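Reader: I'm new to this one and would like to get my bearings. Could you show me the structure, and then we can talk through some of its details?

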Amino acid sequence: MDQAELITAALEASRRAYAPYSKFRVGAALLGNSGKVYSGCNVENASYGLSNCAERTAVFSAVSEGEVTFEMIAIVAEGGAAPCGACRQVLYEFAPEIMVLVADTEESLRSTSSLKDLLPQAFGSEVKKR
Ligand code: THU
């Protein structure tokens, strides 16, 4: 599974977005260390605050399937969209140094970053063990 394939999987996931309120479709594809890909889309709700982002949908899907270690995540939205703060924190729990690919709906890569740069001085389980 290379970067381009992961971006294609994220684009496909974005087509399944349930986004009748924002109309902003987001797809994520999360590559587990096993090689398996878990996809997710944003799932909105009439009670707006209950909406779930694509990235967290993918993480929760993977964890509920039994995979907890990840290498890379691709996120696709129109114009490209970096992961929100909540999603950065949820990714940090499992993969503090995951590679984050942001691409647009033309599948053009807009940015490649390590989560450690996107979420500096993060709060994680290691803090509680001090
Ligand atoms: N959204 C995501 O799916 N991922 C992000 O990282 C940012 C925002 C979704 C949430 C909502 O359904 C829509 O985009 C507009 O905010």
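Reader: Which residue does Asp104 form a salt bridge with?

Author: Keep in mind that this is a predicted model. Side chains of opposite charge can pair when their charged atoms come close. For Asp104, the closest N and O atoms in the pair are 2.9 Å apart, and the cut-off is 4 Å. The structure holds one salt bridge, and the partner of Asp104 in it is Arg110.

Reader: Is Asp104 buried or exposed?

Author: Buried means under 20% relative accessible area, and exposed means over 50%. Arg110, at 51% relative accessibility, counts as exposed. Asp104 has a relative accessible area of 4%, so Asp104 is buried.

Reader: How many disulfides are there?

Author: A disulfide is a covalent bond between the sulfur atoms of two cysteines. To count here, a pair of cysteine sulfur atoms has to be within 2.5 Å. By this rule the number of disulfides is zero.

Reader: Which cysteine has the sulfur nearest to that of Cys53, and how far away is it?

Author: Cys53 is in no disulfide, and at 24% relative accessibility it counts as partly exposed. The sulfur nearest to that of Cys53 belongs to Cys87. The cut-off for a disulfide is 2.5 Å, while the distance from Cys53 to the sulfur of Cys87 is 3.8 Å.

Reader: Where is Glu106 in the chain?

Author: Glu106 helps form a negative surface patch, together with Glu12, Glu78 and Glu107. Patch residues need over 30% relative accessible area, and Glu106 is exposed at 62%. As for its place in the chain, Glu106 is in the loop between β4 (99-103) and β5 (109-114).

Reader: What is the area of the nonpolar surface patch that includes Tyr48?

Author: Tyr48 is in the loop between β2 (37-41) and α2. With a relative accessible area of 58%, Tyr48 is exposed. The nonpolar patch is made by Tyr18, Tyr21, Val43 and Tyr48, and its area is about 430 Å².

Reader: What is phi of Lys23?

Author: Most residues other than glycine have a negative phi. Lys23 lies in the loop between α1 (3-14) and β1 (26-32), and at 64% relative accessibility it counts as exposed. Lys23 is not a glycine, yet its phi is positive, near 60°.

Reader: And where is Gln121?

Author: Gln121 also isn't a glycine, and its phi is positive, about 50°. Gln121 is exposed, with a relative accessible area of 82%. You'll find Gln121 in the loop between α4 and α5 (125-128).

Reader: Is Leu115 buried or exposed?

Author: Leu115 is part of helix α4 (residues 115-118). The C-alpha atoms of Leu115 and Tyr92 are 7.2 Å apart, with the two positions 23 residues apart along the chain. Since buried means under 20% and Leu115 comes out at 0% relative accessibility, Leu115 counts as buried.

Reader: What distance separates the C-alpha atoms of Ser64 and Arg16?

Author: Ser64 is in helix α2 (residues 54-64), and it is exposed, with a relative accessible area of 59%. Along the chain, Ser64 and Arg16 are 48 residues apart. In space, the distance between their C-alpha atoms is 20 Å.

Note on methods:
Residues are numbered from 1 along each chain as its sequence is written. This is a predicted model: local features need pLDDT of at least 70, side-chain atom pairs count only at pLDDT 80 or more; totals for chains, interfaces and linings use all residues. Side-chain values use heavy atoms; hydrogens and water are left out. Buried means under 20% relative accessible area, exposed over 50%, partly exposed in between (1.4 Å probe, protein chains only). A salt bridge is a side-chain nitrogen of Lys or Arg within 4 Å of a carboxyl oxygen of Asp or Glu. Patches are made of residues with over 30% relative accessible area and no salt bridge: like charges are joined within 9 Å, nonpolar side chains (Val, Leu, Ile, Met, Phe, Trp, Tyr) within 5 Å. Accessible areas come from the Shrake-Rupley method with a 1.4 Å probe; for residues, only the protein chains shown count as cover. Lys and Arg count as positive and Asp and Glu as negative; His and the chain ends are not counted. The place of a charge is taken as NZ of Lys, CZ of Arg, CG of Asp or CD of Glu. Helices (H or I, at least four residues) and strands (E, at least two) are DSSP runs, numbered from the N terminus.
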